[in-house]
Amino acid sequence: MSDLTFEIKSHPNPRSAEERAAVMANPGFGKVFTDHMVVARYSAGRGWHDAQIKAREAIPLDPAAAVLHYAQEIFEGLKAYRTADGGAALFRPDANARRFRHSAERLAIPPFPEDAFVQAMHELVKLDRAWIPDTADGSLYLRPFMIATEAFLGVKPASEYLFLTIASAVGSYFKDPNSTVTVWVSEHYTRAAPGGTGAAKCGGNYAASLAAQSEATAQGCEQVVFLDAVERRYIEELGGMNVFFVFEDGTLVTPPLSDSILHGITRDSVLTLAKEAGLTVKEEPYAIDAWRADVREGRLTEAFACGTAAVITPIGTVKGREESFTIGNGKAGPVAQKLRNLLVDIQRGNTNDAHGWFQKVF
Ligand code: PLP
Ligand code: COI
């Protein structure tokens with residue numbers, strides 16, 4: 001147990017119920033921010049200290065701060081959900097705390113204590129409770145992150161850091177939550193390579209994905225499918241989500257974990273729920289040419305993306321430079337829908353959670 005405790009300083013002048021209602025009416029994703037934020041400081045001499053939850057405000061940064069030059073930064077993403085009794089719950093925040101530690105180790109950042117991470121999420125949700133949407137697709141998205149703040153231009157791990165968490169009232173990540181997405185297969189750009197930072201949730205991975213994301217957008221696609229950096233054949237994941245394939249014989253396939261894909265908490269949860277639902281689950285490499293052939297020959301019936309932001313989003317069409325193909329009739333399939341319901345029912349406390357994933361906040 002860490003001895004870090006958060007001093008709570010409520011916002012002296014939070015937004016009114018009317019202002020909140022106006023911005024929360026149609027929040028989209030990641031645009032509507034709450035009144036509070038979590039902050040803690042690290043210095044080489046003192047370790048983690050000065051932990052507070054306070055009014056959200058801009059943070060002062062020296063122009064030489066290491067994060068601005070060498071991108072020593074990591075983040076997380078998790079959601080708080082409104083429950084039927086008017087309370088709120090978090091989904092597997094301990095798993096986010098653990099992944100945050102792994103990301104910190106990869107980026108040579110001093111790890112943030114996992115128990116303090118989970119405590120901070122609970123406290124922030126309690127303080128910003130008025131910002132948790134009560135719509136079917138709505139939730140409070142929490143974004144913990146750490147940045148290197150030391151003012152120094154030499155290339156080395158910094159000696160000073162900030163831990164922060166901001167919160168955003170969100171609706172669904174994609175415009176139409178009941179529709180499928182179209183994905184763009186990136187043949188030129190890769191996202192991560194063996195030995196690189198692909199398994200760490202660091203901003204640099206997302207910066208590296210943006211040129212491909214621009215290509216995707218120009219092609220009318222919502223997300224990029226990244227292939228492995230060595231053979232440029234095996235599907236790794238999407239720009240911000242893991243990916244699953246459903247076969248007509250009831251088998252579910254997802255690429256195996258490695259150091260070049262993000263170890264998604266939704267991915268892990270889907271694997272467990274699918275096994276319990278009687279599907280045969282395989283974590284094995286799957287090539288882009290096999291995807292094309294399996295769709296053409298009717299063996300593959302569905303594919304879906306999954307992640308905290310995306311929940312479970314079916315993939316309708318796959319586009320590439322040479323050819324495009326549509327999965328089934330391009331509509332959401334029954335397996336994705338069933339898994340989504342199983343997952344969402346646990347997240348929102350509509351069903352008994354046998355896994356210890358659901359954490360009531362209040
Ligand atoms: N892969 C990438 C690149 C992501 O950004 C995310 C989102 O966090 C995921 C996968 C899914 O991870 P999780 O299910 O833990 O949100
Ligand atoms: C998340 O799902 O939390 C992510 O970080 C993905 C991003 C597309 C918002």
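Which pocket is the space taken by ligand 2? In this predicted model, the space that ligand 2 takes is the largest pocket, and the description below proceeds from the overall division of the protein to the surroundings of this ligand.

The protein is divided into two parts, domain 1, spanning 7–170, and domain 2, spanning 181–347, whose C-alpha centres lie 27 Å apart. The contact between them takes 20 residues from domain 1 and 21 residues from domain 2. Both domains also take part in the surroundings of the ligand, since the shell around ligand 2 draws at least three residues from domain 1 and at least three from domain 2.

The residues that surround ligand 2 are F29, F75, G77, Y141, R143, Y173, K201, G240, T308 and A309, and by class this shell divides into 5 nonpolar, 3 polar and 2 charged residues. Several of these residues place polar atoms at short listed distances from oxygen atoms of the ligand. An N or O atom in the side chain of Y141 is 2.6 Å from an oxygen atom of ligand 2, while a polar side-chain atom of K201 lies 2.7 Å from an oxygen atom of ligand 2. In the case of A309, the backbone is involved, with one of its N or O atoms lying 2.8 Å from an oxygen atom of ligand 2. Of the 280 Å² of accessible area that ligand 2 has on its own, the protein covers 89%.

Conventions: Residues numbered from 1 in each chain as written. Chains lettered and ligands numbered in written order. Predicted model: local features only at pLDDT ≥ 70, side-chain atom pairs only at ≥ 80, totals over all residues. Heavy atoms only, no water. Near = heavy atom within 4 Å. Polar contact = N/O pair within 3.5 Å; in protein donor to acceptor, adjacent residues only side chain to side chain. Areas by Shrake-Rupley, 256 points an atom, 1.4 Å probe, with all protein chains shown as cover. 1 Å grid on protein atoms, 1.4 Å probe; cavity = no way out; pocket = protein on both sides within 12 Å on 5 of 7 lines; lining within 4 Å. Sits in = over half its atoms within 2 Å of the grid points. Nonpolar A, V, L, I, M, F, W, Y, C, P; charged D, E, K, R; others polar. Domains from an automatic or database assignment. Contact = heavy atoms within 4.5 Å.
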